[in-house]
Amino acid sequence: MSWGPIRGHDRVVEGLRKAASGGRFPHALLFVGPEGIGKRTFARRLAQALLCERRPEAELDPCGECPSCRQAASGDHPDLYEVARPEEKHELPIAVIRALGHDLSLKPMRGSRKVAIVDDADAMNEEAANAFLKTLEEPPEGAVLILVGTSAELQLDTIVSRCRVVRFEPLPEEDLAAILVDLGRADSADEAARLARLGEGSVSRAVGLADPALIDFRRRLVDELAAPGPLDAPDLARRLEEFIKEAGKESLPQRTRAGAIFQELARFYRAVLWQAAGLEPPAPDPIDRRAAEAVASRLEPEDVFLLAERCLEAEYHLRRRVYLPLLLDAFTRDLGRLGSGRR
Ligand SMILES: [Zn+2]
């Protein structure tokens with residue numbers, strides 16, 4: 001059963017409903033889990049449920065028709081606030097959090113409560129996090145604050161201890177395929193199933209992988225890394241940066257593309273490990289097979305493991321907003337070193 005447009009998170013819905021029907025709905029929630037699995041969409045649906053004027057909070061099921069539900073759906077409910085990291089910024093600035101704290105301290109306009117969604121919560125710097133903590137420590141009557149991030153470890157302990165941490169799991173393949181069809185991102189059920197298999201539970205990942213430019217670049221990159229002989233690391237760093245910047249002027253599409261490359265490479269090296277062990281990789285890409293065999297015949301499994309780890313580390317640094325040219329420089333040098341069997 002799906003919760004309106006929400007698929008794949010029934011367990012979370014049930015947990016929150018239990019809290020709501022028991023009259024213990026938390027005033028602050030921290031959503032964590034991988035990117036692209038629908039946490040923000042879920043937060044919006046939850047806000048609608050909390051603001052609905054027809055259905056009681058205990059049911060946590062917005063009617064979708066009352067004026068409040070309509071305003072929440074169209075994004076202009078006067079008591080629903082949504083803030084996020086500005087496109088051009090690396091961090092969520094303190095000014096945004098302070099303004100939110102001020103808005104929340106005012107009386108609700110429509111009903112009895114206000115709801116705030118803080119997207120990109122990972123991107124709060126320490127100043128912003130401390131400002132947010134002040135709001136958490138003296139929560140406005142009836143307000144519900146929803147932080148949307150990826151990991152509790154990226155938040156201050158003092159924030160985590162005041163929130164109910166809600167964990168979201170990667171989407172099951174079937175749900176992911178259905179979402180891709182809903183979004184019009186797949187032309188056929190077969191295409192949706194293929195992308196869902198490679199998407200490993202993430203909508204943005206699956207959508208990103210459907211990008212022909214990325215598919216092409218990834219294939220050439222994998223072939224290059226599989227080839228024997230030394231890697232020209234500075235040249236590769238330059239080409240990676242150029243390709244990442246072609247994703248768009250803003251930082252979000254660039255980071256999405258960079259993240260997809262790191263994850264794809266990690267997946268490739270994991271597939272090498274599976275293949276070396278004589279197993280079928282979880283999401284086999286038939287075209288990778290030859291490249292994977294070449295790498296497996298040249299490197300020790302330990303080196304391949306380190307390469308996979310290094311790709312995930314790069315992705316982690318990307319999320320921590322390390323300066324991209326620096327990140328790529330260190331990353332390609334390590335690929336060259338580990339790829340030639342030097343640790
Ligand atoms: Zn309603």
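Here is a walk through a predicted model, starting at its zinc site and moving on to three places where helices pack together.

Let's begin with the metal. The zinc ion is held by four sulfur donors, the SG atoms of Cys52, Cys63, Cys66 and Cys69, at 2.3 to 2.4 Å. Look at the angles those four donor atoms make around the zinc ion: they run from 106 to 118°, which makes the arrangement tetrahedral. For four tetrahedral donors the ideal angle is 109.5 degrees. If you want to spot the donors in the sequence, look for the spacing C-x10-C-x2-C-x2-C. Cysteine 52 sits in the loop between helix H2 (39–51) and helix H3 (67–74), while cysteine 69 is in helix H3 itself, so this pair ties together parts that are 17 residues apart in sequence.

Now for the helices. Two packed helices can be described by the angle between their axes and the distance between those axes. Take H7 (residues 173–182) and H8 (residues 189–199): they pack at about 125°, with axes 8 Å apart. The two helices are therefore oblique to each other, and their crossing is right-handed. On the H7 side, the contact uses Glu173, Leu176, Ala177, Leu180 and Val181, and H8 brings Ala192, Ala193, Leu195, Ala196, Arg197 and Gly199. Sorted by class, the residues of this H7–H8 contact are eight nonpolar, one polar and two charged.

Further along the chain, H12 (residues 251–276) is worth a longer stop, as it packs against both H13 and H14. With H14 (residues 301–319), the angle is about 165° and the axes are 9 Å apart. That makes H12 roughly antiparallel to H14, and the crossing of H12 and H14 is left-handed. Among the H12 residues in this contact are Arg255, Phe262, Leu265, Tyr269 and Leu273, and they are joined by H14 residues including Pro301, Phe305, Leu307, Cys311 and Leu318. By class, the H12–H14 contact has 16 nonpolar, two polar and three charged residues.

How do H12 and H13 cross? The axes of H12 and H13 (residues 288–298) come within 9 Å and cross at roughly 70°, which makes H12 roughly perpendicular to H13. Here Phe268, Tyr269, Val272, Gln275 and Ala276 of H12 meet Asp288, Arg289, Ala291, Ala292, Glu293, Val295 and Ala296 of H13. The H12–H13 contact has eight nonpolar, one polar and three charged residues. Tyr269 and Val272 are worth finding on screen: both are in the contact of H12 with H13, and both are also in the contact with H14.

Terms used:
Residues are numbered from 1 along each chain as its sequence is written. This is a predicted model: local features need pLDDT of at least 70, side-chain atom pairs count only at pLDDT 80 or more; totals for chains, interfaces and linings use all residues. Side-chain values use heavy atoms; hydrogens and water are left out. Axes are lines fitted to C-alpha atoms, for helices over the stretch in contact, and angles run from 0 to 180 degrees between N-to-C directions. Helices (H or I, at least four residues) and strands (E, at least two) are DSSP runs, numbered from the N terminus. Angles under 35 degrees count as roughly parallel, over 145 as roughly antiparallel, 65 to 115 as roughly perpendicular and the rest as oblique. A crossing is left-handed if the near helix is turned anticlockwise from the far one by less than a right angle, and right-handed if clockwise. Contact means heavy atoms within 4.5 Å. Ala, Val, Leu, Ile, Met, Phe, Trp, Tyr, Cys and Pro count as nonpolar, Asp, Glu, Lys and Arg as charged, and the others, Gly among them, as polar. Donors are N, O and S atoms within 2.8 Å of the metal (3.2 Å for Na, K and Ca); water is not among the atoms, so sites may look incomplete. Four donors count as tetrahedral if all angles lie between 85 and 135 degrees; four count as square planar and six as octahedral if opposite donors are over 155 degrees apart and all others between 65 and 115; anything else is irregular.
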